[in-house]
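Visitor: I'd like to go through this one with you and ask how each label is earned. Could you show me the structure?

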Number of protein chains: 2
Amino acid sequence: MTHVFDEAIALQRGDDGVIHASTHPAYSNMVGPFGGITAATVLNVIATHPDVLGEPLALTLNYAAPIADGPWEIDVVPVRTNRSNQHWVVTLRQNDGTVGTGTAVFGLHRGTWGDTEATPPQAPPVAEVDSFDFPDFIAWSQNYDMKFIVGGIDAGKQDDSTTTLWIRDTPDRPLDYPALMSLTDTFFPRVFLRHGTMMPAGTISITTYFHATPDQLAAHGTAYVLGTAAANSFANGHYDQSGQIWSMPDDGEPVLLASTTQLVYFKDPQA
Amino acid sequence: MTHVFDEAIALQRGDDGVIHASTHPAYSNMVGPFGGITAATVLNVIATHPDVLGEPLALTLNYAAPIADGPWEIDVVPVRTNRSNQHWVVTLRQNDGTVGTGTAVFGLHRGTWGDTEATPPQAPPVAEVDSFDFPDFIAWSQNYDMKFIVGGIDAGKQDDSTTTLWIRDTPDRPLDYPALMSLTDTFFPRVFLRHGTMMPAGTISITTYFHATPDQLAAHGTAYVLGTAAANSFANGHYDQSGQIWSMPDDGEPVLLASTTQLVYFKDPQA
């Protein structure tokens with residue numbers, strides 16, 4: 001049986017070379033599809049491209065306009081291939097209009113010295129945290145099992161925009177790069193936490209850096225990841241968010257799978 | 001007298017619509033020009049474009065190949081203009097090859113609720129910190145007055161890759177968006193600090209979010225900014241860096257001018 005995530009990121013390569021995707025009702029959001037599934041679809045296009053070199057290192061995606069329900073198109077061009085990395089330019093179109101822009105860097109992982117300076121947030125074991133029951137009208141959230149540790153969407157008005165949670169796909173699904181990309185966009189808008197209410201807000205631009213190797217993803221499997229995100233500054237209708245996605249094996253060191261940042265638009269409820 | 005920074009980011013619009021820039025010897029780096037001046041030049045192209053809407057909100061630039069000394073070309077296209085923001089696609093070319101890709105979001109600042117959650121790093125007053133005398137062969141660094149507080153380039157091998165410093169252009173120059181963009185790329189490679197030595201390393205991709213309004217930049221003027229940056233994870237030939245640039249007025253609240261992140265390639269000295 002195909003997982004709903006795989007249905008949602010599925011592609012059709014047209015005879016004209018154009019790559020066709022389609023919004024999936026299971027991942028719809030308030031306005032247009034959940035951005036994480038759009039970004040995952042883009043990553044999937046590149047990762048399955050015949051000319052791809054290595055694995056994803058960085059993806060920046062700019063949401064230029066909402067994607068309407070239905071088919072949309074993805075254009076990816078490998079504009080430069082070096083010895084160890086490859087640069088891609090991404091354009092998303094619908095009805096002849098540009099709805100998204102982006103760039104990606106793919107590349108080879110080479111064995112080098114390494115060290116993780118960031119530290120994972122404090123978290124009780126997965127089994128000790130309740131899953132949150134999102135309202136049905138946020139369709140995409142039904143495909144994630146979210147166990148909020150700090151800053152849940154029901155936390156009320158907070159002075160600190162940090163959310164920390166255990167999260168995984170539901171039904172569970174082995175972690176891969178598209179799923180990891182999508183996870184980096186699952187943090188609900190930080191501005192909700194600061195005001196204790198939902199309000200108009202949407203990601204304008206997201207950048208995710210992939211630290212995980214394929215072996216680390218395979219070792220992670222279907223476990224929950226530990227995610228954390230916070231805003232740095234809210235001002236003049238925008239804020240930025242910095243986040244991390246960790247693998248927390250029972251019998252080993254934490255692994256920083258991805259770090260992510262995004263710029264978000266919000267509308268002041270008082271204005 | 002024209003400031004050397006303005007000489008370096010100067011543009012010529014060709015009759016064919018192509019925008020021509022040229023590397024400036026004062027901003028050369030080990031291999032090709034200092035990335036900050038390249039990014040500042042790109043920002044300058046968009047900011048001075050007749051169709052621009054508002055001010056910079058986000059710039060992602062991917063350094064696909066070193067730019068050789070001499071002329072290079074910039075192509076910027078405003079692919080989508082919304083009511084309050086505008087999406088740009090950026091391509092850098094030299095000798096018919098793509099040497100850089102990128103995207104930018106410009107937009108309007110709207111008065112809204114705001115709050116800065118990030119806090120500036122501890123720093124003694126500017127007058128109490130010595131300026132660092134960089135070796136002449138790092139040409140670009142001669143155009144910045146850097147006063148290292150933590151993690152200077154002469155700090156030796158450290159367990160923590162954090163650098164905090166006071167920095168401004170020298171000769172001094174009123175802060176504007178291109179200068180702020182460049183400042184976000186002035187942190188020397190974090191991997192130097194971890195190994196206590198220079199080693200091959202270079203930015204692959206940088207993303208900077210601009211929080212500052214034109215009024216805040218004007219209020220900042222020619223003062224030093226407080227910069228801080230650290231890596232999150234070094235692994236398999238790459239690391240990521242997160243950084244912030246602050247304005248620290250004597251008589252007011254700190255202002256987070258920009259937050260920045262980058263993905264960096266490094267070569268293991270032991271390999």
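Visitor: What makes a residue pair across the interface of chain B and chain A a polar contact, and how many pairs are there?

Guide: This is a predicted model, and across that interface the rule finds 39 residue pairs in polar contact, both residues at pLDDT 80 or more. A pair gets the label because an N or O atom of one lies within 3.5 Å of an N or O atom of the other, with one able to donate a hydrogen and the other to accept it. By class, the side of chain B that touches chain A has 32 polar, 23 nonpolar and 10 charged residues.

Visitor: Why is the meeting of A:D115 and B:R194 called a salt bridge?

Guide: Their side chains come to 2.8 Å, N to O. The cut-off is 4 Å between a side-chain nitrogen of Lys or Arg and a carboxyl oxygen of Asp or Glu, so the pair qualifies. Between chain B and chain A the count is four salt bridges.

Visitor: How many residues does each chain bring to the contact, and what area is buried?

Guide: Chain A and chain B each put in 65 residues. The area buried between them is about 5100 Å², and carbon and sulfur atoms give 54% of that. On chain B's side, B:W113, B:E117 and B:Y209 supply 15% of the area that chain B buries against chain A, more than any other three residues.

Visitor: How do you know that strand β11 of chain A and strand β7 of chain B pair?

Guide: Pairing takes at least two bridges, and these strands have two, so they pass. They run in the antiparallel sense, with β11 covering residues 225-235 of chain A and β7 covering residues 115-116 of chain B. A:S233 is the residue that stands opposite B:T116.

Visitor: What about strands within chain B: which ones pair with β2?

Guide: β1 (residues 12-13) pairs with β2 in the antiparallel sense over two bridges, and there B:Q12 stands opposite B:H20. The hairpin of these two has five residues between the strands, and B:G17 in it takes a positive phi near 85 degrees. β2 is also joined to β4 (residues 71-81) by four bridges, again antiparallel. In β4, B:W72 is the bridge partner of B:A21.

Visitor: What do the side chains do along strand β2 of chain B?

Guide: They alternate. B:I19 and B:A21 point to one face and are buried, while B:H20 and B:S22 point to the other and are not. In a regular strand, side chains do alternate between the two faces of the sheet.

Visitor: Why is A:T163 called buried?

Guide: Its relative accessibility is 1%, and buried means under 20%, so A:T163 counts as buried. A:T163 is found in strand β9 (residues 163-169) of chain A. Beyond its neighbours within four places in sequence, A:T163 is in contact with residues including A:F148, A:V150, A:F187, A:L193 and A:R190.

Visitor: What makes A:T163 and A:R190 a polar contact?

Guide: Their side chains make that contact at 2.7 Å, and the limit is 3.5 Å, so the distance falls within the rule.

Visitor: Why does A:V264 count as buried?

Guide: A:V264 also has 1% relative accessibility, which is under the 20% cut-off, so the label is buried. A:V264 is found in strand β13 (residues 255-266) of chain A. A:T203 is 61 residues away in sequence, yet the two C-alpha atoms are 4.3 Å apart. Residues that A:V264 touches include A:A201, A:I204, A:G237 and A:Y239.

Visitor: Why is B:D96 called exposed?

Guide: B:D96 has 80% relative accessibility, and exposed means over 50%, so the label follows. B:D96 lies in the loop between β5 (85-94) and β6 (97-107) of chain B. Its phi is positive, about 70 degrees, although B:D96 is not a glycine.

Visitor: Where else does a residue other than glycine have a positive phi?

Guide: A:N236 has one near 55 degrees, in the loop between β11 and β12 (238-247) of chain A. Most residues other than glycine have a negative phi.

Visitor: What is omega for the cis peptide bonds at A:P171 and B:P171?

Guide: From A:T170 to A:P171, omega is near -5 degrees, and for B:T170 and B:P171 omega is about 0 degrees. A:P171 lies in the loop between β9 and α3 (177-183) of chain A, and B:P171 is found in the loop between β9 (163-169) and α3 (177-183) of chain B.

Conventions:
Residues are numbered from 1 along each chain as its sequence is written. Chains are lettered from A and ligands numbered from 1 in the order in which they are written. Side-chain values use heavy atoms; hydrogens and water are left out. Contact means heavy atoms within 4.5 Å. Buried area is the accessible area (1.4 Å probe) that two parts lose on being put together, summed over both. Ala, Val, Leu, Ile, Met, Phe, Trp, Tyr, Cys and Pro count as nonpolar, Asp, Glu, Lys and Arg as charged, and the others, Gly among them, as polar. Buried means under 20% relative accessible area, exposed over 50%, partly exposed in between (1.4 Å probe, protein chains only).
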